[in-house]
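Colleague: Please take a close look at one part of this model, its interior, and go through the contacts there in some detail.

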Amino acid sequence: MALCLFLITGSFGFLQPFTSPYYSASGLDKTQIGLITGLGTAIAVLLQPLLGKLSDKLDARRPLMLAAGLLAGTAYLLFRFTGSFWGFLALTALGGCGLQYLNTVGGVLVGRLARAGEGGAAYAKYRVWGSVGYICIGVTTGFLLPAHPGMSHADLAPVFTYGPLLFFVIAAVSLLVPDVKLPSGSSVGRVTAGRTAIPIGLKHFFVAYFLYQFALYGASSYLSLFMKHLGAMPRQISLMFAAGVLCEVLVMTQVGKWTDKNGRRPALILAFCLMPVRLLLYTAATTPAMVMAIQSLHGLNYGIVGTLAVVYVNDCVTDAQRGTAQAAMTATSGIALSVSPAVCGWLANTYNFDTMFIAMSLVGMLAAAYLVTRVPESNPPTPKYG
């Protein structure tokens, strides 16, 4: 399980830093890049709830993981053979569909392995290996590329020559992951009469999560181009993302266990309130080094939300519903990411990067306000008796 998450999250180590520069090097402007990212995500998202329900019905994840790995690997390999808007859109949608399912299914598998009351610690224990994978693959990719600014199409070609091969390894490893089944004939976790599939508290969480993802990852889609604008080299872009993930690892090792004992809300509130401040800080950055320093705050964003969002969903639903609920969370994130990159691309193209960061900071403030006022605790802290 740890190896699988190492590889799945590790694949973001070459995709997140270099996909937007690759689009740009292929002649696309920021608005077109935003449309490809947004529409590709939207198409991929449409299939996620169906895949979640199918995996719950089959009570099996391995076959779908195998198919998702093969699909993503093939799609990203074909990036080298297209340079058009429509070609990139089709391949981004196919690759994103496979990658989104792989990224979602880890939460379901770990949820089955976790003992009651230890969901946060269990998920963090496995998920931290994903962050280690991101650092290893991201830094390696950056140092294999030419050590000069500019990043032409030829400079970035190795990213989509060797990087997609990871997905074929993921497909093979998926055949070995622990895919725990529900007991035969078990009624545990079945939806009972009068109970909705998604509790109202979880629906409120999805609203806050949507706004959070819209703001943070809409702006983050352009961090690579922002770094390029400041004159960064490929390895500096890799190191910028890796710096945030390194801090994320340190937070993940503690946050799951802490929130198992003290509740999820305090940590979530910290992450949601910090995020808009972080986005505003980018407007003061004038060098790649300053962006790298600000990016370290990602540890208190994804290090918390990336762990606790999955755990919060698992807290709120039963074993039999987890595939569907985790797919709903992925769809929530996907809908946000299908709109925000286009909005951010338009803002950056029409105005400038600072305008984009300020606008997304305002959305982040709204997300924090909604979380604080509407989202309940999913794991009340254990009473302490004196």
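Modeller: Helices here are DSSP runs of H or I with at least four residues, strands are runs of E with at least two, and both are numbered from the N terminus. The model is predicted, so local features need pLDDT of at least 70 and side-chain atom pairs count only at pLDDT 80 or more, while totals for chains, interfaces and linings use all residues. Residues are numbered from 1 along each chain as its sequence is written, and side-chain values use heavy atoms, with hydrogens and water left out.

Leucine 102 is a convenient starting point; its place is in helix H5 (residues 85-113). With a relative accessible area of 0%, leucine 102 is buried (buried is under 20% relative accessible area, exposed is over 50%, and partly exposed lies in between, with a 1.4 Å probe and protein chains only). Beyond the four places on either side in sequence, the contacts of leucine 102 are Ile8, Met65, Ala68, Gly69, Phe167 and Ile170, a contact being heavy atoms within 4.5 Å. The C-alpha atoms of leucine 102 and leucine 64 are 8.7 Å apart, with the two positions 38 residues apart in sequence.

Gly69 and Phe167, both touched by leucine 102, also take part in a helix pair. Helix H4 (residues 62-77) and helix H9 (residues 165-173) have axes that come within 8 Å and cross at roughly 170°. Axes are lines fitted to C-alpha atoms, for helices over the stretch in contact, and angles run from 0 to 180 degrees between N-to-C directions. H4 and H9 are therefore roughly antiparallel (angles over 145 degrees are roughly antiparallel, under 35 roughly parallel, 65 to 115 roughly perpendicular, and the rest oblique). H4 contributes Leu66, Gly69, Leu70, Ala72, Gly73, Thr74, Tyr76 and Leu77 to the contact, and H9 contributes Leu165, Phe167, Phe168 and Ala171. By class, the residues of this H4 and H9 contact are nine nonpolar, three polar and no charged. Nonpolar covers Ala, Val, Leu, Ile, Met, Phe, Trp, Tyr, Cys and Pro, charged covers Asp, Glu, Lys and Arg, and the others, Gly among them, are polar.

Phe167 appears again in the largest nonpolar core, which has 104 residues; those with the most contacts inside the core are Phe167, Phe205, Phe272, Leu279, Met356, Phe357 and Met360. Such a core is a set of buried Ala, Val, Leu, Ile, Met, Phe, Trp, Tyr and Cys residues joined through side-chain atoms within 4.5 Å. Helix H10 (residues 200-220) gives the most to this core, with 12 residues. Methionine 356 touches Ala219, Tyr222, Cys344, Leu347 and Ala348, apart from its neighbours within four places in sequence.

Phe205 leads on to alanine 309 in helix H15. Alanine 309 is buried at a relative accessible area of 1%, and its contacts, leaving aside neighbours within four places in sequence, are Phe205, Tyr209 and Met329. Along the chain alanine 309 and phenylalanine 205 are 104 residues apart, yet their C-alpha atoms are separated by 8.8 Å.

H15 also holds one end of a charged group. The model has two salt bridges, where a salt bridge is a side-chain nitrogen of Lys or Arg within 4 Å of a carboxyl oxygen of Asp or Glu. Arginine 264 pairs with aspartate 260, the closest N and O atoms being 2.8 Å apart. Arginine 264 is buried at 1% relative accessible area, and aspartate 260 is buried at 12%. Arginine 264 also forms a salt bridge with aspartate 315, again with closest N and O atoms 2.8 Å apart. Arginine 264 lies in the loop between helix H12 (234-262) and helix H13 (265-282) and aspartate 315 in helix H15 (residues 302-316), so the pair ties together parts 51 residues apart in sequence. Aspartate 315 is partly exposed, at 29% relative accessibility. Through shared partners, the salt bridges join Asp260, Arg264 and Asp315 into one network.

H13 packs against H14 at an angle of about 175°, with the axes 10 Å apart, which makes the two helices roughly antiparallel. Arg278, Leu281 and Tyr282 of H13 meet Val291, Ile294 and Gln295 of H14. Histidine 298 is in the loop between helix H14 (288-295) and H15 and is buried at 8% relative accessibility. Not counting residues up to four places away in sequence, histidine 298 touches Tyr217, Gly244, Glu248, Arg278 and Gly303.

For the protein chain as a whole, there are 17 helices and zero strands, and buried residues make up 56% of its 386 residues.
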